[in-house]
Amino acid sequence: MRRWLGALALAGTVVLGGCLPAHGGDGDLTDDWPALREPQLFVPAAGACLPRISVVAQASTYDTVDCSRPHLAEAIHVGSFVANEVTDDTRPEPGSPALRTARGECDLRVREVLGGDWRSARLTLNIAVPSTSAWRAGARWFRCDLSETDSIDNTRPVNRVGSLRGALLGDSPLAHRCFDPKLIGGNLNYMAPVLCTEPHRAEFVGVYVEKDMSWAAFSKANAQVHRRCMSLIAAFAAVPNNNELPYRAGSIFYPPSQREWEEGDRGVRCFLWSDDRKLTRSMRDAGPKGLPAI
């Protein structure tokens, strides 16, 4: 015990000796300290892969993983809210101009990274924002998180391995193609993906961007959505968009969710629907003979 106390006393002697002005200073300890740095606000990294989904990102729970390991999302882009669209006290919420602008920027950046429209594949886009306290402290960033999903009907993110950069270039396994819709009582239950060479009744033809309107108004605009999708079907199949088109095919469409709509997503996914015959090839550029009016 005495030996331990002696070691502490010796250490104390060394520390006290270190207080002597050995470098020829003026002896004034108050003017030799470096200036303190300004506190840095937390900003998440772009290009990082994430082990969990979060609509609010904060330093205390921030975590990333190597993209070669299983992860639920990839931070494709980190941008800044437009200054004149936000206030100091209130973080942007769904339906706000600021969040719609951010969503548009996310769509653009994600398209550049993927090599195509994320809506044309088993992917979902989420926007993460600072915590309320970080916002009040001056944080003005938003993060665009992209995730792989199980199917067009089950849009919950699933674990994947590997970055999504360039994922829609070439013959991507994520891309929507042909489906065999499953109906219950005349209503669509789910879309089972199949090879286009297998018997099927539906095929993805593209995405159109709906005009700006309220969610309530859009929910009542099925006839308008059907017409827009039929135009895409005609262009996809290389058939005339005339009064014979309904005798060639119908449409199935998947709109954004209400949350996505209020954030600014106006992309509607459109599918060619063949209710009177099974198809065994893609209808892309099929022409009037490949997709005859019946």
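## Strand β9 and its neighbours

In strand β9, Val268 is the bridge partner of Tyr208. Tyr208 belongs to a pairing in which strand β7 (residues 202-209) and β9 run antiparallel and are joined by seven bridges. Two strands are taken as paired if DSSP finds at least two bridges between them. Helices (H or I, at least four residues) and strands (E, at least two) are DSSP runs, numbered from the N terminus. Strand β8 (residues 250-254) also pairs with β9, in the antiparallel sense and over five bridges. Here Ile252 has Phe271 as its bridge partner in β9.

This is a predicted model, in which local features need pLDDT of at least 70 and side-chain atom pairs count only at pLDDT 80 or more, while totals for chains, interfaces and linings use all residues. Residues are numbered from 1 along each chain as its sequence is written, and side-chain values use heavy atoms, with hydrogens and water left out.

## Burial of β9

Strand β9 covers residues 267-273 and is mostly covered, with seven of its seven residues buried. Buried means under 20% relative accessible area, exposed means over 50%, and partly exposed lies in between (1.4 Å probe, protein chains only). In a regular strand the side chains alternate between the two faces of the sheet. In β9, Gly267, Arg269, Phe271 and Trp273 point one way, and Val268, Cys270 and Leu272 point the other way. Residues on both sides are buried.

## Aromatic contacts

Ten aromatic pairs are found in a search of the whole structure. Rings of Phe, Tyr and Trp (its six-membered ring) pair if their centres lie within 6.5 Å; planes under 30 degrees apart count as stacked, over 60 as edge-to-face and the rest as tilted. The pair of Phe42 and Tyr62 is edge-to-face because the ring planes meet at 65°, with the centres 5.0 Å apart. This pair links distant parts of the chain, 20 residues apart: Phe42 is in the loop between α1 (2-17) and β1 (49-50), and Tyr62 is in the loop between β1 and β2 (73-80). Phe42 has 24% relative accessibility and so counts as partly exposed. Tyr62, at 27%, also counts as partly exposed.

Phe271 of β9 is part of one aromatic cluster, together with Phe179, Phe204 and Tyr254.

## Arginines over tryptophan rings

A charge sits over a ring if NZ of Lys or CZ of Arg is within 6 Å of the ring centre and within 35 degrees of the ring normal. Arg140 lies over the face of Trp135, 4.0 Å from the ring centre. The ring of Trp261 has the charged end of Arg266 over it, at 4.0 Å from the centre.

Arg140 can also be placed relative to Ala83: their C-alpha atoms are separated by 8.5 Å, with the two positions 57 residues apart along the chain. Ala83 is in the loop between β2 and α2 (97-114). With 64% relative accessibility, Ala83 counts as exposed.

## Disulfides

Four disulfides are found in a search of the whole structure. A disulfide is counted when a pair of cysteine sulfur atoms lies within 2.5 Å. With the bonded cysteines of the protein chain numbered in sequence order, the pairing is 1-2, 3-4, 5-6, 7-8.

Cys49 and Cys67 form a disulfide with their sulfur atoms 1.9 Å apart. The link of Cys49 and Cys67 is right-handed, with 100° about the S-S bond. Cys49 is in strand β1 and Cys67 is in the loop between β1 and β2, so that distant parts of the chain, 18 residues apart, are linked. Cys49 counts as buried at 0% relative accessibility, and Cys67 counts as buried at 17%.Cys106 and Cys144 form another disulfide, their sulfur atoms 2.0 Å apart. The disulfide is left-handed because the torsion about the S-S bond of Cys106 and Cys144 is about -75°. Cys106 lies in helix α2 and Cys144 in strand β4 (residues 141-148), so the pair ties together parts that are 38 residues apart in sequence. Both cysteines, Cys106 and Cys144, are buried.

Cys178 and Cys196 form a disulfide as well, with sulfur atoms 2.0 Å apart. The torsion about the S-S bond of Cys178 and Cys196 is about 95°, so this disulfide is right-handed. The pair links distant parts of the chain, 18 residues apart: Cys178 is in strand β5 (residues 178-184), and Cys196 is in the loop between β6 (187-194) and β7. Both Cys178 and Cys196 are buried.
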